[in-house]
Amino acid sequence: MINLSTTTQLLSGAERFESAADFFAQFGSAFDLCRSQILKETRQTYQESGNPSYEAMASGDWNHALGILAESRKVDLDLYADLRTRGVDFIRCRPLAFPLSDYMRWEMKVFEFNAQHCERIFCCNLEAVRELFKDHIHHDFMVFDSRIGFVHDYDVDGIIQGGWRVTDLDSIIKLQSMFIFLKSHCQPFSLFKGE
């Protein structure tokens, strides 16, 4: 048994935001203040209503989804350019359940776009880390340097309900430890593109 906290345990002193809008409104200053590293851990599925590429994929129109993917991702280009200019290392880890769902096949295409512009993305087989998620990582989270963490509150359908802002250094270090353990099981996502 590994000696890690759980994301749930780290929420007791965190500030709660009850809506997605209020929660994501906190991210702008975190990106602006970040100087060295962003860590992002991600779950299997999300609902991305309002994203035309996602909606086309969800309706089964794979060709249209891929054809408009770059246009739908343009919203993050300025952010990615700013992070690159400042030398901020943006690292994402994604465990993958096999066979890949349609959502994850689409998300791998999104990763190709993100990786071209800023992110370093790593994946692993979910089976290799299933206990980590069962026992420790109960939520998505992001960590900006060692200044601030955000723990996301998604429902079972992958719809964001709000989340928590974590500013306690000990709790941030515990989130980083979970991320480091997860990343130790990962390889560059490009090795998984043919799966």
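This is a short talk about one predicted model, covering a helix, two pockets and a few single residues.

Hi everyone, and thanks for coming. Please keep in mind that the structure above is a predicted model.

Let's begin with helix 8, which runs over residues 126-135. Which residues of helix 8 are buried? They are Leu126, Val129, Leu132 and Phe133. If you look down the axis of helix 8, these buried residues fall within an arc of 110°, so they line one face of the helix. Here is the general idea behind that: an α-helix has 3.6 residues a turn, so residues three or four places apart point the same way. Now turn to the other side of helix 8, where Glu127 and Lys134 are exposed.

What do the buried residues of helix 8 pack against? Their partners are strand 2 (37-41), strand 3 (89-96), strand 4 (120-125) and helix 9 (169-183). There is also a nice detail at the start of helix 8: Asn125 has a side-chain oxygen that comes to within 2.9 Å of the backbone nitrogen of Glu127.

Next, the pockets. The largest pocket holds about 890 Å³ of space. Its lining is made of 32 residues, and the ones nearest the centre are Phe24, Lys40, Glu48, Arg73 and Asp76. Several elements give two or more residues to this lining, including helix 2 (27-33), helix 5 (69-73), helix 6 (77-86) and strand 3. Which element gives the most to the lining of the largest pocket? That is helix 7, with six residues. By type, the lining of the largest pocket has 16 nonpolar, eight polar and eight charged residues.

The second largest pocket has about 320 Å³ of space. It is lined by 17 residues, and closest to its centre we find Arg43, Gln44, Phe133, His138 and Asp140. You have met Phe133 already, as one of the buried residues of helix 8. Helix 8 and strand 6 each bring at least two residues to the lining of the second largest pocket, and strand 6 gives the most, with three. This lining splits into six nonpolar, six polar and five charged residues.

Now for some single residues. Asn114 sits in helix 7. Is Asn114 buried or exposed? Its relative accessible area is 1%, and buried means under 20%, so Asn114 is buried. Leaving out residues up to four places away in sequence, Asn114 touches Arg73, Tyr80, Arg92, Glu119 and Ile121. Arg73 also came up earlier, among the residues nearest the centre of the largest pocket.

Thr7 is in the segment before strand 1 (15-17). With 0% relative accessibility, Thr7 counts as buried too. Again setting aside residues up to four places away in sequence, the contacts of Thr7 are His136, Ile137, His138, His139, Phe141, Leu175 and Met178. Among those is His138, which we saw close to the centre of the second largest pocket.

Two backbone details to finish. Where does the cis peptide bond lie? It goes from Phe98 to Pro99, with omega near -5°, and Pro99 is in the loop between strand 3 and helix 7. The other detail is Asp145, in the loop between strand 5 (141-144) and strand 6. Phi of Asp145 is near 50°, which is a positive value in a residue other than glycine. Asp145 has 11% relative accessibility and counts as buried.

That's my tour, and I'm happy to take questions!

Methods:
Residues are numbered from 1 along each chain as its sequence is written. This is a predicted model: local features need pLDDT of at least 70, side-chain atom pairs count only at pLDDT 80 or more; totals for chains, interfaces and linings use all residues. Side-chain values use heavy atoms; hydrogens and water are left out. Buried means under 20% relative accessible area, exposed over 50%, partly exposed in between (1.4 Å probe, protein chains only). Helices (H or I, at least four residues) and strands (E, at least two) are DSSP runs, numbered from the N terminus. The arc is that of the directions from the helix axis to the C-beta atoms. Contact means heavy atoms within 4.5 Å. A polar contact is a pair of N or O atoms within 3.5 Å; within protein, one must be able to donate a hydrogen and the other to accept it, and residues adjacent in sequence count only if both atoms are side-chain atoms. On a 1 Å grid over the protein atoms alone, a cavity is a set of points where a 1.4 Å probe fits but cannot get out, and a pocket is an open set with protein on both sides within 12 Å along at least five of seven lines; lining residues have an atom within 4 Å of a point. Grid points are joined across faces, edges and corners, and a volume is the space filled by probe spheres set on the points. Ala, Val, Leu, Ile, Met, Phe, Trp, Tyr, Cys and Pro count as nonpolar, Asp, Glu, Lys and Arg as charged, and the others, Gly among them, as polar.
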